[in-house]
Amino acid sequence: MQSKPVTLTILDVVSIILLGISTYLALVFAPTELVMGDVQRVFYFHIGTAWTALLGFILAAVFSVIYLVKKDLKWDRYQVAAIEVSLIFFFITIVLGSIWARPAWNTWWTWDPRLTTAAVTELIYIAYFMLRQGIDDPDRRARFGAVYALVGGLSAPITFFAIRLFRTIHPVVIGGANAEAEGGFSMTADMRVAFFFALFTFTIIFIDLFWNRIRLGDLQEKVEQLKLKVTM
Amino acid sequence: MANGQPNAQPPSGNFIKAVSAVVWKDLQAEFRSRELFSAMLVFSLLIILIFNFALELDVETRRSVTSGVLWATFAFAGTLGLNRSMAIEKDRGCLDGLLLAPVDRSAIYFGKVISNLAFMLIVEIIVLPVYSVLYNINLFQPGLLMVILLGSIGYVGVGTLLSTMSVQTRTRDILLPILLFPVVVPVLLAAVKASNGFLEGLELSEFLLPINLLIAYDIIFIAVAFMVFDNVVEE
Amino acid sequence: MFLQTTTPDTSGYMIAGYVVAFVVMGLYVASMYLRSRNLQQDLTTLEEMDKAASAQAGPAKKKSKSVTKKSVKR
């Protein structure tokens, strides 16, 4: 417990190296997009963080179900770890998207399905942490957290489809020509390299942070138990 | 759950009996005090009044924002009702009493949903004619009423589950809207869109999708709440 | 859009974006490090308290709180 596993240390180092390479690929290696200019380069990190955040939210919903069935606090700690890391990544996604939107759409924000769903999702998981903060008993905290993460995890995709009833201007970069989308572009081969490398990098970083956060949760649990024992 | 008690009656009959007992208890208590109902109603009317100042509801704007104003009003008044109805249970120790009763816990959930829904619908039934008179719009259309019913079911179904959780936390007075609003966004969206369709007299096919979405949401979330309710009342 | 020849200079936005991404990730890693350090400190203190308590109380484990506290202060 105290000593960090070697694999995790290696993963830490690998994450940093990959982040460096990915940044190089995105900023230098990939060609400048002709219509939008340099700002298009935030897209690599935008997609990288978005993909991992969604992965984390889906994992969290799965952990909810497992916890509710097995009632083992281990799954609760996994869930908190997944949601916390995803919340940070998703925040980066939203900010990067907004920065990109300013020159591309001429506005920081539009109420388009993806943007609105992103904002609502972020709020759901902030509410999740507010709920947990108000509960002292670890078992109850875990149960309520799991229920809320499940309800939230189901509601977020429905929100997305609900807003899809309206028109979107968000470009669909992968798979599909969206005639209405403004600011879409097609990727050159070098852009693709940077793009897939960013996806890979952020997946590794996510695993690394997720693992570290689980260890933090384990430590928290240990301290709490010892506190109970000492004050008894 | 699964207390394995031999039931003299068939389980389904027992379940319905338990649900109606919870509903009856709530309605009777409310009938005596009328505090929940009057608070929700006055609050709703105040919200409509505030919207009047905030949006300058002249004839032109009114047409486009009516459904939005109505659903915002219902959503805010709804949290007031949900919070209070669950807080009463908690404070008077009723919840513990209910949990001791040898009935399936989900019976408590359905009982609370039905009584919360009843309060909400009564408030809505009074708000609608008042709004109609104040702003000279006929809101009594069967389609619109159906949308309001469907929307309220989804809202209360999720709201009852979440309010059961929120009253058991330290921050109980402020937590419910924060938990509930981001999760019921689809209900509000679809309900506003469908209501708008009816109010503007569009073809049904143009806004069938939001109505279907409301129905799907109601079914999914009531089913989920039914499955997980045990976890939010367990001691 | 097709006839546009000059690429707009939007590098300012790009820099802002990457600064935000790195700052947020950096802050998160820092917060995780700080939290784990604090917990590690708590853990060592608690372990000492636990040891002291069990040493003083001996086999009779359920001594009152005051005993534990005094033993730690010394």
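This short presentation describes two chain-to-chain interfaces, and the chains that form them, in a predicted model.

Good morning, colleagues. I shall begin with chain C, then take its interface with chain A, and afterwards turn to chain A with chain B.

Chain C has 74 residues, and 23% of them count as buried. Its secondary structure consists of two helices, with zero strands. The accessible surface of chain C is about 5500 Å², and carbon and sulfur atoms account for 63% of that surface.

Let us now consider how chain C meets chain A. On the chain C side, 33 residues take part in the contact, and on the chain A side, 43 residues do. Together the two chains bury about 3400 Å², with 76% of that area on carbon and sulfur atoms. Which three residues of chain C supply more of the area it buries against chain A than any other three? They are C:Tyr13, C:Tyr18 and C:Tyr28, which contribute 20% of the area that chain C buries there. I would invite you to locate these three tyrosines in the structure above.

As for charged and polar pairs, two salt bridges are counted between chain C and chain A. One of them joins A:Lys229 to C:Asp50, where the closest N and O atoms lie 3.0 Å apart. There are also four residue pairs in polar contact between these chains, with both residues at pLDDT 80 or more.

Which elements of chain C provide the side that touches chain A? Helix 1, spanning 11-57, and helix 2, spanning 65-73, each supply at least two residues. The largest share comes from helix 1 of chain C, which gives 24 residues. By class, this side of chain C comprises 18 nonpolar, eight polar and seven charged residues.

I turn now to the interface of chain A with chain B. Here the contact draws 27 residues from chain A and 29 residues from chain B. The buried area is about 2600 Å², and carbon and sulfur atoms give 75% of it.

How many salt bridges are counted between chain A and chain B? The count is one. B:Arg170 forms a salt bridge with A:Asp136, and their closest N and O atoms are 2.7 Å apart. Polar contacts between chain A and chain B number eight residue pairs, again with both residues at pLDDT 80 or more.

On the chain A side of this interface, the elements giving two or more residues are helix 4, at 113-133, and helix 5, at 138-164. Helix 5 of chain A gives the most, with 13 residues. The side of chain A that touches chain B divides into 19 nonpolar, four polar and four charged residues.

Finally, a few words on chain B itself. Chain B contains nine helices and zero strands, and along the sequence its pattern reads α-α-α-α-α-α-α-α-α. Of its 235 residues, 50% count as buried. Where contacts in chain B join residues at least 6 apart in sequence, 81% of those contacts link residues at least 24 apart. The accessible surface of chain B is about 10700 Å², with 68% belonging to carbon and sulfur atoms.

To close, I return to two pairs that may be found in the structure: A:Lys229 with C:Asp50, and B:Arg170 with A:Asp136. Thank you for your attention.

Key. Residues are numbered from 1 along each chain as its sequence is written. Chains are lettered from A and ligands numbered from 1 in the order in which they are written. This is a predicted model: local features need pLDDT of at least 70, side-chain atom pairs count only at pLDDT 80 or more; totals for chains, interfaces and linings use all residues. Side-chain values use heavy atoms; hydrogens and water are left out. Contact means heavy atoms within 4.5 Å. Buried area is the accessible area (1.4 Å probe) that two parts lose on being put together, summed over both. A salt bridge is a side-chain nitrogen of Lys or Arg within 4 Å of a carboxyl oxygen of Asp or Glu. A polar contact is a pair of N or O atoms within 3.5 Å; within protein, one must be able to donate a hydrogen and the other to accept it, and residues adjacent in sequence count only if both atoms are side-chain atoms. Helices (H or I, at least four residues) and strands (E, at least two) are DSSP runs, numbered from the N terminus. Ala, Val, Leu, Ile, Met, Phe, Trp, Tyr, Cys and Pro count as nonpolar, Asp, Glu, Lys and Arg as charged, and the others, Gly among them, as polar. Buried means under 20% relative accessible area, exposed over 50%, partly exposed in between (1.4 Å probe, protein chains only). Accessible areas come from the Shrake-Rupley method with a 1.4 Å probe; for residues, only the protein chains shown count as cover.
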